[in-house]
Amino acid sequence: MNINANYDNLEQSYLFSTIAKKVNEYINNNPDKKVIRLGIGDVTLPLCKAVTDALHKAVDEMGVQSTFRGYGPEQGYDFLREAVQGYYKKHSVNLELDEIFISDGAKSDLGNILDLFDTNNTVLVPDPVYPVYVDTNIMAGRKVNFINANAENEFLPGVKDIDKNVGADIIYICSPNNPTGAVYNKTQLKEWVDYALEKKAVILFDSAYECFISDPELPRSIYEIEGAKNCAIEFCSLSKTAGFTGTRCGYTIVPMNLGKLNKMWVRRQTTKFNGVPYIVQRGAEAVFTEEGQKEIGLNIAYYKNNAKLISDTLNECGIKHVGGKHSPYIWLKCPNNMKSWEFFDYLLNNAQIVGTPGAGFGKNGEGYFRLTSFGSTENTKEAMERLKKLFKS
Ligand code: MLT
């Protein structure tokens, strides 16, 4: 037996596991201190009523012989795929049902999709970025090339920023971006689509934060861009949209125009996946009802208000930052030229605030720090008061 030696090329532990370990150590040593977590992008508001009602109903169905369900379709029940189809239609994107795959979240599918691609493909990933893109490719032994996202390009790297010597068979784009909160406009995305079509590359488009976009001119799906169905796979999730981080449900779009990829994904999923639980899919379906949309809209507004609170405080403290407008994340320059992990320790020790060190998202993240608006407003306010004490002159 030979182990997969590619694992030796990974960081010792996953970014958010490292942070959790450090925070738990701090709490054990300082049990009297109240730690406020604005680190991992985990939601705090409960599931909305439309969803819990649907979940309860589905649980009852499962306890009755005539409505009990066993294995479901691996690609998801039609009732949920139709609901997703209707949601896309609102943004003028027409999808066939067979292009929609219900998943247990974007993170799993972003990793699983790599089963469809040869290990010799080269991968292009923005830096900084959600660490899953890089780690999953390293696990598979694929070569990862980076494209710089920085203050100069407003954290939105474009085709012009690609190093001419690197290949890009598989291109990752996350918009609204995790961690920087930056959002591509249609013109910028069109450039990526045109590039992918020219190079016969595939774009893996992560739209997990699309619901935070409030400007109707900004694209929420890559399929709003002409030609994207010929080159892009899209991953979306109800985690941040509807508080499903613990409930687990998302969807992946693999267009028919991508040749064999749609059939291959069906083959992969039917072999390795038994679908999302019926109960969860009924809860997810409720997100797309009128009531559900209204209720999650209130939750998203709540988080956006927290983001504004954070942004206003950073302005008062003279701390440079971006994001937070169409995204739950605020990306800030560490004050006093501190390095990311240095600032992480400083904030934890002096204000008991947990954030995410930018360096954990890539080399360009060094010197930056990410705060999330997913905490409670009460805690966010308290954290901001603590921050002011440290940095407001
Ligand atoms: C994050 O904090 O970046 C996200 O919560 C990670 C995730 O969605 O898996």
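A polar contact is defined here as a pair of N or O atoms within 3.5 Å; within protein, one atom must be able to donate a hydrogen and the other to accept it, and residues adjacent in sequence count only if both atoms are side-chain atoms. The model is predicted, with local features requiring pLDDT of at least 70 and side-chain atom pairs counted only at pLDDT 80 or more, whereas totals for chains, interfaces and linings use all residues. Residues are numbered from 1 along each chain as its sequence is written, and side-chain values use heavy atoms, with hydrogens and water left out.

Oxygen atoms of the ligand are approached by a polar side-chain atom of Y130 at 2.5 Å, by a backbone N or O atom of G41 at 2.6 Å and by a polar side-chain atom of N178 at 2.8 Å. The protein buries 84% of the 270 Å² that the ligand exposes when taken alone (Shrake-Rupley method, 1.4 Å probe). The surrounding residues (a heavy atom within 4 Å) also include F16, I40, Y209, K240, Y329 and R370. At least three residues of this shell come from each of domain 1 (5–47 + 292–391) and domain 2 (51–289), with bounds from an automatic or database domain assignment.

Both domains likewise contribute at least three residues each to the lining of the largest pocket. α5 supplies the largest share of that lining, 4 residues (helices are DSSP runs of H or I, at least four residues, numbered from the N terminus).

Conventions
Helix = DSSP H or I, 4+ residues; strand = E, 2+ residues; numbered from the N terminus.
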